[in-house]
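Work through the exercises below with the sequence and the model side by side. Try each task before reading its solution.

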Amino acid sequence: MRLLALIAVVGAAIAVPRSVRQARYLALPADVKDENLELIFAHSLWRHGDRAAEHAVPGLDAFPEDAWTFGGGGYGELSPEGMRMHFNLGRMIRKRYVDDFKILSSAYSAKEIYVRSTDYNRTLISAYSNVAGMYSGFGIAGQNFPEKTDDFPDWPTNYIPIPVHTVDYSTDYVGHPDAKCDRQDQLYEMIRQSPEYQSYINDPQSRTEFPDYAIYCNPVVVQLLPWPKWTRSSLSSLSEFSPAVFFCK
């Protein structure tokens, strides 16, 4: 039996109880055994690597934009550490799908792998770093990359360029949860009209303790800054309402 597997490696943790995974998503007929299954497809999803903060917060930001010099310079760019992280992740993915599962060839094949990124510098460079970890050093000169010659000595040793695809933000329904979608707008409106949401926003205490944490979350986490004291009392209760705040904690 051939098994189509969707495997997600997600940087932002999404927890599903083990019992739910086993009972609802991984349940197989009793007569189907592992030794009768053949893995034929894998889908891996990951976040970008370490990067600069995306913006400043007046009175809180420790570093102005011109202090972020790596990755081309400026807010949001991937750092050399982020490149290293993804190169190492590429090596791990290679071990799993080339060495262990053997569903990918040792050398890059355009018919076996498709790489897509959101249209940001940091995500594109993360993807390039990742596939460099997967394939660089495992190709054939003259076939996967140019041979070095006396008149062409400068090609990076064993570097294999792998295409990374992307689409415009407004039409990226795979990588951007906020891409225009009428159904998503309907669901958001259902949430806003729900008793739970209305109860929360109509509570006077909640309204006074519901600042825009999003503008603080990014620079605080990236720069390892302390949360302002006025935010700490409400972080615990707010994290129950907003997973993003829970992550920022």
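The exercises cover aromatic pairs, charges over rings and salt bridges.

This is a predicted model, in which local features need pLDDT of at least 70, side-chain atom pairs count only at pLDDT 80 or more, and totals for chains, interfaces and linings use all residues. Residues are numbered from 1 along each chain as its sequence is written, and side-chain values use heavy atoms, with hydrogens and water left out.

**Exercise 1. Classify the ring pair of Y108 and Y135.**

Solution. Start with the rule. Rings of Phe, Tyr and Trp (its six-membered ring) pair if their centres lie within 6.5 Å; planes under 30 degrees apart are stacked, over 60 edge-to-face, and the rest tilted. A search of the whole structure gives four aromatic pairs. In one of them, the centres of Y108 and Y135 are 5.7 Å apart and the planes meet at 75°, so this pair is edge-to-face.

Next, place the two residues. Helices are DSSP runs of H or I with at least four residues, strands are E runs of at least two, and both are numbered from the N terminus. Y108 is in the loop between α2 (80-100) and α3 (121-135), while Y135 is in helix α3. With these positions 27 residues apart, the pair links distant parts of the chain.

Last, check burial. Buried means under 20% relative accessible area, exposed over 50%, and partly exposed in between (1.4 Å probe, protein chains only). Y108 has 18% relative accessibility, so Y108 is buried. Y135 has 0%, so Y135 is buried.

**Exercise 2. Describe the pair of F152 and W155, then find the cluster they belong to.**

Solution. The ring centres of F152 and W155 are 6.5 Å apart. Their planes differ by 40°, and the pair is tilted. F152 is at 35% relative accessibility, so F152 is partly exposed. W155, at 21%, is also partly exposed. Now add Y159: ring pairs join F152, W155 and Y159 into a cluster.

**Exercise 3. Which rings have R94 and R122 over them?**

Solution. Apply the test: NZ of Lys or CZ of Arg must be within 6 Å of the ring centre and within 35 degrees of the ring normal. R94 lies over the face of F138, 3.4 Å from the ring centre. R122 has its charged end over the ring of Y120, at 4.9 Å from the centre.

**Exercise 4. Examine the salt bridges of K95, R116 and E189.**

Solution. A salt bridge needs a side-chain nitrogen of Lys or Arg within 4 Å of a carboxyl oxygen of Asp or Glu. The whole structure holds eight of them.

- K95 meets D100 at 3.2 Å, N to O. K95 is partly exposed at 47%, and D100 is partly exposed at 44%.
- R116 meets D172 at 2.9 Å, N to O. R116 is in the loop between α2 and α3, and D172 is in the loop between α3 and α4 (182-192). These residues are 56 apart, and the pair links distant parts of the chain. R116 is partly exposed at 35%, whereas D172 is buried at 1%.
- E189 bridges to R192, with the closest N and O atoms 3.2 Å apart. They are three residues apart in helix α4, so about one helical turn separates them. E189 is partly exposed at 35%, and R192 is partly exposed at 35%.

**Exercise 5. Which residues are linked with R122 in a network of salt bridges?**

Solution. R51 and E54 are linked with R122 in this network. Recall that R122 also sits over the ring of Y120.
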